[in-house]
Amino acid sequence: MMPATETTSPPLRPSGAPPHAARGEEGPPPVRARRDIVPLLLVPALMLAALPLVGSPASWVTLSVAGLAMGLMIFVMASGLTLTFGLMDVLNFGHGAFIAVGAFVAASVMLAMGPWMGSDSLWLNLAAVAPAILAAMVLSGLLGWGFERVIVKPVYGQHLKQILVTMGGLIVAEQLLKVVWGPDQITLTRPPALRGAFIIGDVAIEKYRVLAVAVGLVVFVVMQLALGRTRIGLLVRAGVENSEMVEALGYRIGRVFVGVFVVGSALAGLGGALWALYQETVTAAIGAQVMVLIFIVIIIGGLGSVGGCFVGALLVGLVANYIGFLAPKVALGSNILLMALVLLWRPQGLYPVARR
Amino acid sequence: MAEALLSLRGVETHIGRYHILHGVELDVPQGGLTMLLGRNGAGKTTTLRTIMGLWRASAGAVRFEGRDITRLATADVARLGIAYVPESMAIFADLTVQENLVLAARSGPPRAERLDRIFARFPALRRFWTLPAGLLSGGQKQMLAVARAIIEPRRLLLIDEPTKGLAPAIIANMIDAFRELKDGDTTLLVVEQNFAFARRLGDTVTVMDDGRTVHHDTMDAFAADQALQQRLLGLSMDTHQ
Ligand SMILES: Nc1ncnc2c1ncn2[C@@H]1O[C@H](COP(=O)(O)OP(=O)(O)OP(=O)(O)O)[C@@H](O)[C@H]1O
Ligand SMILES: [Mg+2]
């Protein structure tokens with residue numbers, strides 16, 4: 001029997017050139033695929049369309065940055081959920097609990113580090129925020145692991161039970177949060193380094209939004225590299241399409257799934273921490289509140305697709321901010337409308353995942 | 001008969017509430033090519049899936065190299081050196097041809113000489129190397145599904161209807177590929193509807209009907225007995241294709 005080497009094999013050749021193609025022998029030339037970039041173009045298209053509506057370029061820049069920041073935070077929270085759905089067909093409504101735990105843990109750590117948070121030194125600020133975020137990710141990841149083993153695993157493949165059981169898990173988690181952190185909302189203040197705005201001419205860009213955009217982009221790029229260039233990533237993508245066949249090739253997909261679930265929960269925790277700092281308040285209902293947006297995002301993107309989740313999140317963030325400015329009264333419904341429009345155009349979402 | 005590499009004894013399989021296999025008896029001799037024939041719905045695919053552990057046998061035993069693998073998880077069955085080409089082909093449509101093959105080569109990057117042999121049989125795979133496999137034609141997908149199964153040396157191949165949708169020239173390639181595998185000490189169990197193909201390749205035959213194995217024979221003897229074919233398969237090998 002061959003040794004198991006899933007984790008140690010070298011990465012794929014990124015060039016993707018057919019082996020020995022250089023010999024220039026028989027046959028027609030290799031055929032290359034074109035990427036489907038139309039959904040990606042929707043983001044700049046939406047931004048351009050909003051410019052004349054908003055009118056003032058300064059407000060437009062502010063709104064756009066706010067939209068991108070919100071979108072990327074939602075992406076960080078949603079990316080794990082779309083993968084677990086794709087891999088194991090698990091509808092996890094409990095995902096919101098990981099977000100809430102991340103928010104509470106981060107808030108507690110930061111409150112405990114009061115002096116450093118209040119300091120004018122950038123480094124002391126970071127020394128308070130970084131461990132807070134790390135703690136949020138670790139605890140959410142651990143919770144995710146327990147949640148998967150205890151709540152999700154027994155109902156693999158049974159959608160109705162999954163909905164009921166994971167919803168129940170979310171409600172229980174929310175109550176437990178109230179027990180641990182008390183029923184009142186927690187208020188925290190961003191450290192001085194993350195307060196205020198960059199002023200360029202008459203345009204003001206909030207510093208924290210820039211940070212959120214940067215973190216979101218880093219998460220997206222790392223995820224794309226991990227999915228596209230590593231063997232584990234290859235396994236995940238194949239498993240999203242047909243987990244049975246991945247098993248038949250000799251891989252234990254269950255382990256991959258637990259790994260993805262834990263990473264997804266940790267990312268939810270990261271998103272929750274970012275969101276808490278953004279809102280500067282934390283309540284036990286935070287999980288349930290953002291879950292609506294998250295479901296819209298992963299449906300728009302195409303269930304199971306990280307790229308689609310990314311584009312969907314940006315669209316949702318931008319629409320929420322533009323409409324919030326232009327017509328605050330309809331802001332609530334605007335994302336539902338966005339989802340309806342996208343699904344009219346592509347019923348399976350922006351980037352449908354091939355399913356067996 | 002040579003010693004059986006794979007044997008099924010009294011295998012029963014339920015799918016949900018349905019009782020599909022009713023005591024399947026099957027011997028796949030080491031180093032040979034066994035054809036599994038039978039009418040539509042006879043239970044051929046279910047038998048292959050039960051061997052792979054994709055359905056669980058509710059009674060009976062599946063033995064491979066003398067070892068009981070009835071309760072083994074699918075991944076562990078595959079790790080014994082058993083590769084499966086499903087009827088649906090189950091290629092990964094969003095992955096490129098290259099990625100499909102890289103994933104199938106579990107013990108490391110695909111070996112160049114092995115790839116060369118595959119490309120020689122199925123040139124389309126080289127041409128569309130970096131294309132998402134979902135864009136391949138039906139026949140090309142079938143080539144990829146077979147290539148995925150033979151990208152590494154295997155002890156046993158389970159192949160469900162490999163010639164479905166293939167042009168005659170490619171079928172000839174497939175026959176050569178299977179002969180080469182057999183010479184290289186790979187054992188094959190092939191489900192097939194194309195009788196001309198089955199007859200040219202098979203060493204032994206097992207016929208299924210209604211969830212049971214009803215006949216075991218050498219291919220030569222079975223091919224010679226038209227009345228038997230008529231009774232078991234509902235048509236003779238000569239009138240079909
Ligand atoms: N998932 C399933 N649920 C219920 N019944 C099934 C399922 N899969 C197969 N069956 C039934 O089991 C029986 C055997 O099916 P199977 O696919 O094994 O036949 P087969 O010999 O491969 O046929 P074919 O030549 O048409 O591929 C059929 O009656 C079929 O309806
Ligand atoms: Mg079949």
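This is a short chat about a ligand site and a helix in a predicted model.

Me: Which residues are closest to ligand 1?
Reply: Gly41(B), Lys44(B), Thr45(B), Thr46(B) and Glu87(B). In total, 15 residues surround the ligand.

Me: What polar partners do the ligand's oxygen atoms have there?
Reply: One is a polar backbone atom of Gly41(B), 2.8 Å from an oxygen atom of ligand 1. Gly43(B) also offers a polar backbone atom, at 2.9 Å from a ligand oxygen. With Thr45(B) the side chain takes part: one of its N or O atoms is 2.7 Å from an oxygen atom of the ligand.

Me: And how much of ligand 1 does the protein cover?
Reply: 63% of the 630 Å² of accessible area that the ligand has on its own.

Me: Which element gives the most to that shell?
Reply: Helix 1 of chain B, with three residues. That helix spans 44–52, and strand 2 (18–29) of chain B also supplies at least two residues.

Me: What's the mix by class?
Reply: Five nonpolar, six polar and four charged residues.

Me: New topic. Helix 3 of chain B: buried or exposed?
Reply: Buried. Eight of its eight residues, 97–104, have under 20% relative accessible area, so the helix is largely enclosed by the rest of the structure.

Me: Which residues are those?
Reply: Val97(B), Gln98(B), Glu99(B), Asn100(B), Leu101(B), Val102(B), Leu103(B) and Ala104(B).

Me: What covers them?
Reply: Parts of both chains. From chain A, the cover includes helix 7 (207–229) and helix 8 (231–248). From chain B, it includes helix 4 (112–121), helix 5 (123–127) and helix 6 (138–150).

Conventions:
Residues numbered from 1 in each chain as written. Chains lettered and ligands numbered in written order. Predicted model: local features only at pLDDT ≥ 70, side-chain atom pairs only at ≥ 80, totals over all residues. Heavy atoms only, no water. Buried < 20%, exposed > 50% of the residue type's maximum accessible area, 1.4 Å probe, protein only. Helix = DSSP H or I, 4+ residues; strand = E, 2+ residues; numbered from the N terminus. Contact = heavy atoms within 4.5 Å. Near = heavy atom within 4 Å. Polar contact = N/O pair within 3.5 Å; in protein donor to acceptor, adjacent residues only side chain to side chain. Areas by Shrake-Rupley, 256 points an atom, 1.4 Å probe, with all protein chains shown as cover. Nonpolar A, V, L, I, M, F, W, Y, C, P; charged D, E, K, R; others polar.
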